[in-house]
Amino acid sequence: MWQRVAPLLPPQKPRTGRPSLNHRRFLEAVLWLARTGAPCRDLPPELMNWRTAWPRLQRWTAAGVWERIIAALRAMAPEAGWEAHLLDSSVVRAHAHAAGASRRTGGQALGRSRGGFSTKLHLRCDARGRPVAFHLTGGEPHDLLGVGPLFERGALRTGKRGRPRWKPAAVIADKAYSAAWLLDELRRKRIAPVIPSRSDQPENPDFDREAYRERNLVERLVGKLKQFRRVATRYDKLAPHYLAFVQLASIMVWLRTFATRRGCDHLTLL
């Protein structure tokens, strides 16, 4: 995993200034925080001093490093999974420590839902159950409000000529996404909406029951991400910091999908 992700990180020694401390130690440190959910001040000193790790995490998050790593891993995959993309959302309970951000920082994707003080994580994954894009809102907004931001992100740039690809052949989602305007918009863009209709709506002619069974992929992805304690519960006051841990967990999901077979150089999916 380290050999695959190391070339995607910022340079260890920049052109100006002092060299950074070991990137591998830093990743081990932030993954420890993500896995345990511990406060940054509890970071074991044998991993890294928290006064070094936390500012670097903030800098890399502000620079969009984690999002670029996910995009690079997607470009490496031999099968991009464009047959269908799956949408879902999950309410994440916010800890009391998540409250109290300065008003100058603006909204931090926190709100009230049936689960109490919470954040809603909207996500989009490909046909192999691998994460593509994320969006955060407060816990109370409807799932449909996350569709636009999810499709504004996640375009795949492979380095070849031409426009980056963003459009899957189909979109699979549950009844919460059954809205006439969304179905019409997807059809206008030549994307098949595999979305079951609610009882008060006309039947969706594009609904394919066999294809809809694959929706479990996005639910399983939510379970994989929430194996990281810092994703399952929101402890961070700022939304970008919480999203950074979601992206770190996603990087681990992507890295686990790569494997070599019999020492070959080509990639295969587990």
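## Surroundings of V218

Leaving out residues up to four places away in sequence, V218 touches L86, L87, D88, L123 and C125, where contact means heavy atoms within 4.5 Å. V218 belongs to helix α8 (residues 216–225), helices being DSSP runs of H or I with at least four residues, and strands runs of E with at least two, numbered from the N terminus. The C-alpha atoms of V218 and D88 are separated by 6.7 Å, although these positions lie 130 residues apart along the chain. V218 has a relative accessible area of 0% and therefore counts as buried, a word reserved for values under 20%, with exposed meaning over 50% and partly exposed in between (1.4 Å probe, protein chains only).

The model is predicted, so that local features need pLDDT of at least 70 and side-chain atom pairs count only at pLDDT 80 or more, while totals for chains, interfaces and linings use all residues. Residues are numbered from 1 along each chain as its sequence is written, and side-chain values use heavy atoms, with hydrogens and water left out.

## Nonpolar cores and helix α4

The largest nonpolar core holds 55 residues, of which F26, W66, I69, L225, V231 and F245 touch the most other members; such a core is a set of buried Ala, Val, Leu, Ile, Met, Phe, Trp, Tyr and Cys residues joined through side-chain atoms within 4.5 Å. Helix α10 gives the most to this core, with twelve residues. Another core, of 16 residues, lies apart from it and includes V147, L186, I191 and I195.

W66, when neighbours within four places in sequence are set aside, is in contact with F26, L27, L57, W60, T61, A244, Q247, L248 and I251. In α4, the buried residues are V65, W66, I69, I70, L73 and R74.

## The two largest pockets

The largest pocket encloses about 470 Å³ of space. A pocket is, on a 1 Å grid over the protein atoms alone, an open set of points where a 1.4 Å probe fits, with protein on both sides within 12 Å along at least five of seven lines, and its lining residues have an atom within 4 Å of a point. Of the 20 lining residues, E67, F134, R153, L243 and Q247 are the closest to the centre of the largest pocket, and the elements giving two or more residues to this lining are α4 (65–76), β4 (131–138) and α10 (239–257).

The second largest pocket has a volume of about 340 Å³, a volume being the space filled by probe spheres set on the points, which are joined across faces, edges and corners. Among its 15 lining residues, W54, R230, Y235, D236 and K237 lie nearest its centre.
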